[in-house]
Amino acid sequence: MSDRLIIFDTTLRDGEQSPGASMTRDEKVRIAKALERLRVDVIEAGFPIASPGDFEAVQAVAEAVRESTVCGLARAKDADIDRAAEALRPAARARIHTFIATSPIHMREKLRLEPDEVVAHAVRAVRRARRYTDDVEFSPEDAGRSEPDFLCRILEAVIAAGATTVNIPDTVGYALPDQFGALIAELMARVPNADKAVWSVHCHNDLGLAVANSLAAVLAGARQVECTINGLGERAGNAALEEVVMAVRTRQDRFPCDTGIDTRQIVPCSRLVASITGFPVQPNKAVVGANAFAHESGIHQDGVLKKRETYEIMRAEDVGWSANRIVLGKHSGRNAFRTRLRELGIEFDSEEALNEAFARFKELADKKHEIYDEDLQALVSETAVVT
Ligand code: KIV
Ligand code: ZN
């Protein structure tokens with residue numbers, strides 16, 4: 001089994017399906033270039049048949065990106081596949097991603113097709129996509145609620161028809177990590193030609209489990225994860241790229257594979273996506289939130305100032321922050337207070353003066369959420385020596 005975990009980013013397709021997050025062609029190209037700098041393996045640029053604008057955006061991304069594979073989404077319909085292929089023509093490496101729903105509720109209520117017909121559509125779509133590219137991905141939509149026996153049947157058929165990646169989506173974010181990991185292991189064991197394709201997962205976050213489910217799938221053998229920057233996506237979003245990548249990188253003791261991502265590009269890419277979509281990143285968001293590497297409590301600050309690893313499992317610089325942050329507030333201790341003042345070139349001529357300033361700092365901190373450098377400078381202006 002490969003020790004490379006492929007990162008398939010769908011910020012520009014599923015991320016854009018976040019209500020209010022639609023992007024222009026030029027915005028998509030800017031994000032695609034940032035994803036390329038991040039060394040994402042596959043960029044899903046859009047759904048070309050969805051609108052003329054999305055067709056043009058996929059085409060523009062296919063022209064602009066040279067290092068990553070560029071992918072277009074297509075339902076299991078001839079017209080969708082032809083349109084995707086046309087949009088992807090300028091790509092250095094092109095992938096067509098075709099899908100059809102396989103859960104009983106989707107087949108019966110939405111598609112109004114019999115299971116045999118669904119298999120026939122899937123096989124026909126994959127064969128048609130293979131006329132345009134030898135890189136074809138197939139997804140059984142709503143796999144998380146599909147019958148494993150039916151999944152085995154359709155996956156065997158699409159691999160035989162030429163699918164090179166089979167992607168298992170938990171479309172409605174219903175799966176639990178142990179169950180989803182077991183499903184991936186079962187499918188990989190039961191599909192006779194499983195070794196002819198890369199196994200992928202695509203998890204939604206309706207129960208806040210998209211990243212946990214993706215990681216369980218990787219431990220079970222999946223070697224591609226579909227994800228988005230900042231976890232953007234339909235409803236509660238998709239698995240967050242930055243969390244998947246950093247979990248795998250940080251816990252190499254548990255994962256038998258790693259990504260090729262340049263992690264120092266994570267924060268710049270996150271900022272770009274937030275500013276283009278207008279979806280701010282919550283301060284306590286893992287890896288890319290403003291507080292992800294900030295320490296406010298005195299005990300933590302003292303620990304980090306003595307040895308960073310006491311309270312940090314990753315280095316802020318490794319994901320693109322300039323440094324970690326010691327935030328001065330009401331929980332801060334004397335060590336952090338003195339250290340920050342020293343950094344500002346401020347020393348006290350006696351321990352007593354320091355203690356007195358520290359007491360005044362605590363009084364102020366009770367009234368303010370965060371104490372800034374200007375507050376400190378004002379606070380100590382009469383007692384400290386500026387060096
Ligand atoms: O969530 C989903 O099932 C999808 C498919 C198109 C892969 O986005
Ligand atoms: Zn999705």
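The shell around ligand 1 comprises 2 nonpolar, 4 polar and 2 charged residues in this predicted model. The residues that surround ligand 1 are D14, F99, S139, E141, P169, T171, H202 and H204.

**The chain and its annotated span**

The chain has 387 residues, of which 47% are buried. Its secondary structure consists of 14 helices and 12 strands. Along the principal axes, the C-alpha atoms fill a box of roughly 85 × 40 × 35 Å. Among contacts with a separation of 6 or more, 73% join residues that are 24 or more positions apart.

An unreviewed UniProt entry lists residues 5-267 as "domain: Pyruvate carboxyltransferase". This span is 43% helix and 17% strand, and the C-alpha atoms at its two ends lie 20 Å apart.

**Two nonpolar cores**

In soluble globular proteins, nonpolar side chains tend to be buried together. The largest nonpolar core of this chain holds 101 residues, and the members that touch the most others are I43, I184 and V244. Helix α8 (residues 210-220) supplies the largest share of this core, with 8 residues. A second core, separate from the largest, has 11 residues, including L341, A357, F361 and L376.

The contacts of I184 can be followed in detail. Apart from its neighbours within four places in sequence, I184 is in contact with I168, W199, V201, A217, A220, G221 and A222.

**Helix α14**

Helix α14 covers residues 373-380, and its buried residues are L376, L379 and V380. Because these residues span an arc of only 80 degrees around the axis, they lie on the same side of α14. The other side of α14 carries the exposed residues E374 and A378. The partners against which the buried residues of α14 pack are α12 (334-343), β11 (346-347) and α13 (351-367).

**Residues with positive phi**

Most residues other than glycine have a negative phi. Two residues depart from this pattern, R39 with a phi near 70 degrees and V287 with a phi of about 70 degrees. The table gives the loop in which each is found and its C-beta neighbours.

| Residue | Loop | Other C-beta atoms within 10 Å |
|---|---|---|
| R39 | between α1 (25-37) and β2 (42-46) | 15 C-beta atoms |
| V287 | between α10 (266-277) and β9 (294-295) | 25 C-beta atoms |

With 15 other C-beta atoms within 10 Å, R39 is partly exposed. V287 has 25 such neighbours and therefore counts as buried, since the cut-off for a buried residue is 20 or more.

**A64 in helix α2**

A64 belongs to helix α2, which covers residues 52-64. Is A64 buried or partly exposed? It has 17 C-beta neighbours inside 10 Å, so A64 counts as partly exposed. When neighbours within four places in sequence are left aside, the contacts of A64 are V29, A32 and K33. A64 and N193 are 129 residues apart along the chain, and their C-alpha atoms are separated by 35 Å.

Methods. Residues numbered from 1 in each chain as written. Chains lettered and ligands numbered in written order. Near = placed C-beta within 6 Å. Nonpolar A, V, L, I, M, F, W, Y, C, P; charged D, E, K, R; others polar. UniProt positions renumbered as here; feature names shortened; annotations may be inferred. Helix = DSSP H or I, 4+ residues; strand = E, 2+ residues; numbered from the N terminus. Core = buried A, V, L, I, M, F, W, Y, C linked by C-beta atoms within 7 Å. Buried ≥ 20, exposed ≤ 12 C-beta atoms within 10 Å, placed from the backbone. Contact = placed C-beta atoms within 7 Å. Arc of directions from axis to C-beta.
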